[in-house]
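Student: I have a structure open, and I would like to learn how labels such as "buried" are decided. Could we go through it together?

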Amino acid sequence: MKERRVALPVETGLEGLILYPALLDGAAQEALLAALRESARKAPPYRPRMPRTGQPWSIMQTNFGPLGWVSDERGYRYEPRHPVTGDPWPPIPAMLLDLWARIAGWPAPPEACLVNIYRGEKAKMGLHQDRDEAALDAPVLSVSLGDSCIFRVGGFARGDRTRSFRLASGDVLVLGGASRLRFHGIDRIIPGSSSLIEGGGRLNLTLRRVTKPQ
Ligand code: SIN
Ligand code: FE2
């Protein structure tokens with residue numbers, strides 16, 4: 001009989017920060033990647049810019065869902081439309097909605113799926129908090145695909161002590177409860193650590209509830 005592998009959450013030592021290593025197996029990662037490629041044809045990745053300065057980020061982004069998180073000279077915010085095409089974002093792929101329903105422990109579906117695309121040695125994301133959402137009691141669910149990265153997590157002030165660990169392809173990380181507002185970021189990508197994405201690189205999907213349910 002084929003043994004069924006069940007991914008168990010790993011204690012990270014921080015309440016509300018839960019890691020599910022390899023929650024998505026190889027086949028699920030391939031299927032998700034195919035679904036993302038299909039949706040990204042309707043919402044092409046673009047390069048976000050820093051608030052005020054307009055400095056370009058080292059990564060590319062796009063979004064799926066009724067709301068998408070955007071960053072440009074006007075600041076950080078959620079928008080119902082793609083900033084370049086002006087079209088509504090495509091729907092969140094069903095696989096991701098299922099994943100949320102299974103592990104988010106939250107009564108309403110996510111409204112935003114931000115896609116972060118890390119390519120090349122310089123791609124990283126500085127320490128930040130996710131706090132542009134009204135529904136701050138809903139967790140943020142983060143899915144990693146492709147090359148591993150060094151994920152850094154701190155406290156609730158920028159200067160607090162931080163620690164780091166690796167996130168690999170298929171890992172799912174939940175930032176919820178007491179850890180919902182922890183500072184976090186991506187130090188770097190580890191080239192050649194996965195063969196999922198042709199030419200290398202890492203994709204990260206973050207599912208978020210933005211508005212409070214009625
Ligand atoms: C994010 O904090 O928005 C992305 C984190 C990641 O790429 O894993
Ligand atoms: Fe974040």
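Student: Why is alanine 22 called partly exposed?

Tutor: This is a predicted model, so the values are computed from its atoms. Alanine 22 has a relative accessible area of 28%. Buried means under 20% and exposed means over 50%, so with 28% alanine 22 falls in between and is partly exposed. You will find alanine 22 in the loop between strand 2 (17–20) and helix 1 (26–42). Its phi is positive, about 50 degrees, although alanine 22 is not a glycine.

Student: What makes arginine 52 exposed?

Tutor: Use the upper cut-off here. The relative accessible area of arginine 52 is 75%, and exposed means over 50%, so arginine 52 is exposed. Arginine 52 sits in the loop between helix 1 and strand 3 (60–64). Arginine 52 has a positive phi too, near 65 degrees.

Student: Is alanine 35 buried, partly exposed or exposed, and how do you know?

Tutor: Alanine 35 has a relative accessible area of 24%. That value is neither under 20% nor over 50%, so alanine 35 is called partly exposed. Alanine 35 belongs to helix 1. Along the sequence, alanine 35 and methionine 95 are 60 residues apart, while their C-alpha atoms are 8.6 Å apart in space.

Student: What makes tryptophan 69 count as buried?

Tutor: Tryptophan 69 has a relative accessible area of 10%. The limit for buried is under 20%, so tryptophan 69 is buried. Tryptophan 69 is part of strand 4 (residues 68–72). From C-alpha to C-alpha, tryptophan 69 is 9.6 Å from valine 210, and the two are 141 residues apart in sequence.

Student: And why is asparagine 116 called buried?

Tutor: The reasoning runs along similar lines. Asparagine 116 has a relative accessible area of 3%, and buried means under 20%, so asparagine 116 is buried. Look for asparagine 116 in strand 6. Its C-alpha is separated by 17 Å from that of arginine 166, 50 residues apart from it along the chain.

Student: How do you know that cysteine 113 and cysteine 149 do not form a disulfide?

Tutor: Look at the sulfur atoms. For cysteine 113, the closest cysteine sulfur is the one in cysteine 149, and it is 16 Å away. A disulfide needs the two sulfurs within 2.5 Å, so 16 Å is too far for a bond. Starting from cysteine 149, the closest cysteine sulfur is in cysteine 113, again at 16 Å. A search of the whole structure finds zero disulfides.

Student: Are these two cysteines buried or exposed?

Tutor: Cysteine 113 is buried, with a relative accessible area of 0%. Cysteine 149 also counts as buried, at 0% relative accessibility. Both values satisfy the under 20% limit.

Student: Now the metal. Which protein atoms are the donors of the iron ion (ligand 2)?

Tutor: The protein donors are His128 (NE2), Asp130 (OD) and His184 (NE2), which lie 2.1 to 2.2 Å from the iron ion. Along the chain, the donors follow the spacing H-x1-D-x53-H. One of them, aspartate 130, counts as buried because its relative accessibility is 6%.

Student: Why is the arrangement around the iron ion (ligand 2) called irregular?

Tutor: Four donor atoms surround the iron ion, and they subtend angles of 90 to 176 degrees. Four donors count as tetrahedral if all angles lie between 85 and 135 degrees. The 176 degrees at the upper end goes beyond that range, so tetrahedral does not fit, and the arrangement is irregular.

Student: What is the volume of the largest pocket, and which residues are closest to its centre?

Tutor: The largest pocket has a volume of about 760 Å³. Of the 37 residues that line it, the closest to its centre are Trp57, Tyr76, Met125, Gly126 and His128. By class, the lining has 16 nonpolar, twelve polar and nine charged residues.

Conventions. Residues are numbered from 1 along each chain as its sequence is written. Chains are lettered from A and ligands numbered from 1 in the order in which they are written. This is a predicted model: local features need pLDDT of at least 70, side-chain atom pairs count only at pLDDT 80 or more; totals for chains, interfaces and linings use all residues. Side-chain values use heavy atoms; hydrogens and water are left out. Donors are N, O and S atoms within 2.8 Å of the metal (3.2 Å for Na, K and Ca); water is not among the atoms, so sites may look incomplete. Four donors count as tetrahedral if all angles lie between 85 and 135 degrees; four count as square planar and six as octahedral if opposite donors are over 155 degrees apart and all others between 65 and 115; anything else is irregular. Buried means under 20% relative accessible area, exposed over 50%, partly exposed in between (1.4 Å probe, protein chains only). On a 1 Å grid over the protein atoms alone, a cavity is a set of points where a 1.4 Å probe fits but cannot get out, and a pocket is an open set with protein on both sides within 12 Å along at least five of seven lines; lining residues have an atom within 4 Å of a point. Grid points are joined across faces, edges and corners, and a volume is the space filled by probe spheres set on the points. Ala, Val, Leu, Ile, Met, Phe, Trp, Tyr, Cys and Pro count as nonpolar, Asp, Glu, Lys and Arg as charged, and the others, Gly among them, as polar. Helices (H or I, at least four residues) and strands (E, at least two) are DSSP runs, numbered from the N terminus.
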